[in-house]
Amino acid sequence: MKLSIFETGFFKSDGGAMFGLLPKEIWKKYYFSDNKNLCRMSMRCVLIETGKRKIIVDPGLGMKSESVVPGYGFSDLKDISKELQKINVSNDQITDIVLTHLHFDHSEAITRHDEGGDLSLCFPNADYYIGKKQWDRCFNCGIIDNDAYFTENISVLNKNRNLHLVENDFFLEDNIKIELFDGHTPGQIVVYLNGKSDGLENIVIPGDVVPTNVNIRTEAISGFDLNGEVSAKEKLRLLEKVYETDSRMIFYHDYFIESCKVGKNKNRFYAKERIESVNFEVEK
């Protein structure tokens, strides 16, 4: 099993919205913000290569939507296709796309405009995995998350015979498990990789169940979460598994910390063995 990590671009988000009930006097020790209280966030894509598959988890925003999403201060957006080419992987070789959820910052890069200006899939040979409850939420969203979904983009998948709407946890391969979580939004997917059989670390890709290392703290529930109480319980459920399996979490949104393991002290979890992002020195 081989992992490749791509930074597909950055945006800015209000620190209070990201870290919820956690006071700024605490979170500012671990996450930098500017004088407007804005924190720079990553959109970190993971490519998993096995003997049988090339799997992308959350390809990111892509290049076509920056102008229609004002207020986020997007920067350094990258074309995931070109990033893959740098490691000699083509779009046609991608066998599976796992979308942790369908918010635009995670999923927009699944499509591109073809020569006729119509939307088409960037990864035409891939099977696509999305939580069934998340799919339903996308097309029946509420007032709070109405702006989080670009349904025109997601609707392209309706025509794809390789769309899999996930209703139960399952193994994509013997060492790759997909599990469902709620809270931030219904039917999120978390990916577990059993690396020990290959002499590697166990890896967890938590999406927005735990978007940054600061969000490991129980009270750091994002204001973007639809249900804070459920989000907290689901996060604790995930962190217990990460702790018990000595896994390393790869964060989608943490600009400064790419990944970490989790420790536990009197039923409180904390980040340990952090690996700094390649971006760290930029705004440290």
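# Reading a predicted fold, one feature at a time

Student: What helices and strands does the protein chain have?

Tutor: The protein chain has eight helices and 15 strands. Here helices (H or I, at least four residues) and strands (E, at least two) are DSSP runs, numbered from the N terminus. Before we go on, this is a predicted model: local features need pLDDT of at least 70, side-chain atom pairs count only at pLDDT 80 or more, and totals for chains, interfaces and linings use all residues. Residues are numbered from 1 along each chain as its sequence is written, and side-chain values use heavy atoms, with hydrogens and water left out.

Student: How do I read the radius of gyration of the protein chain?

Tutor: It is taken over C-alpha atoms and set against the globule rule, which is 2.2 Å times the number of residues to the power 0.38. In this chain the radius of gyration is 18 Å, close to the 19 Å that the rule gives for 284 residues, so the chain is as compact as a globular protein of that length. Along its principal axes, the C-alpha trace spans about 55 × 45 × 35 Å.

Student: And what about burial: how much of the protein chain counts as buried?

Tutor: Go by relative accessible area: buried means under 20%, exposed over 50%, and partly exposed in between (1.4 Å probe, protein chains only). Of the 284 residues, 55% count as buried. For contacts, meaning heavy atoms within 4.5 Å, look at sequence separation. Among the contacts with a separation of 6 or more, 67% are accounted for by residues 24 or more positions apart.

Student: Let's take one element. What span does helix 7 reach?

Tutor: You compare the span with an expected value, 1.5 Å times one less than the number of residues. Helix 7, residues 228-244, has 17 residues and reaches 24 Å from its first C-alpha to its last, close to the 24 Å expected at 1.5 Å a residue.

Student: Which residues of helix 7 are buried, and what do they pack against?

Tutor: The buried ones are Ser231, Ala232, Glu234, Lys235, Leu238, Leu239 and Val242. They pack against strands, including strand 10 (176-181), strand 13 (247-250) and strand 15 (268-276).

Student: What should I look for at the start of helix 7, and what follows the helix?

Tutor: At the start, a side-chain oxygen of Asn227 reaches to within 3.3 Å of the backbone nitrogen of Glu229. After helix 7 comes Asp246, whose phi is positive, near 50 degrees.

Student: Where else is there a positive phi at a residue that is not a glycine?

Tutor: Try Lys266, with a phi of about 55 degrees. Lys266 lies in the loop between strand 14 and strand 15 and counts as exposed at 79% relative accessibility. Glu273 also has a positive phi, about 50 degrees. Glu273 is in strand 15, where it counts as partly exposed at 45% relative accessibility.

Student: Now polar contacts. Which side chain does the side chain of Asn37 contact?

Tutor: A polar contact is a pair of N or O atoms within 3.5 Å; within protein, one must be able to donate a hydrogen and the other to accept it, and residues adjacent in sequence count only if both atoms are side-chain atoms. The side chain of Asn37 makes one with the side chain of Lys24, at 2.8 Å. Asn37 lies in the loop between helix 2 (24-27) and strand 2 (38-49), and at 19% relative accessibility Asn37 counts as buried. Not counting residues up to four places away in sequence, Asn37 touches Ser13, Asp14, Gly15, Gly16, Lys24 and Trp27.

Student: How many disulfides does the whole structure have?

Tutor: A disulfide is a covalent bond between the sulfur atoms of two cysteines. The cut-off here is a pair of cysteine sulfur atoms within 2.5 Å, and a search of the whole structure finds zero. Cys45 is in no disulfide, and the nearest cysteine sulfur, that of Cys122, is 12 Å away. Cys45 is buried, with a relative accessible area of 0%. Cys141 is in no disulfide either; the nearest cysteine sulfur, that of Cys138, is 6.8 Å away. Cys141 is partly exposed, at 25%.

Student: One last loop: where does Pro186 lie, and which residues is Pro186 in contact with?

Tutor: Pro186 is in the loop between strand 10 and strand 11. Leaving aside neighbours within four places in sequence, Pro186 is in contact with Lys133, Gln134, Arg137, Phe181 and Leu226. With a relative accessible area of 23%, Pro186 is partly exposed.
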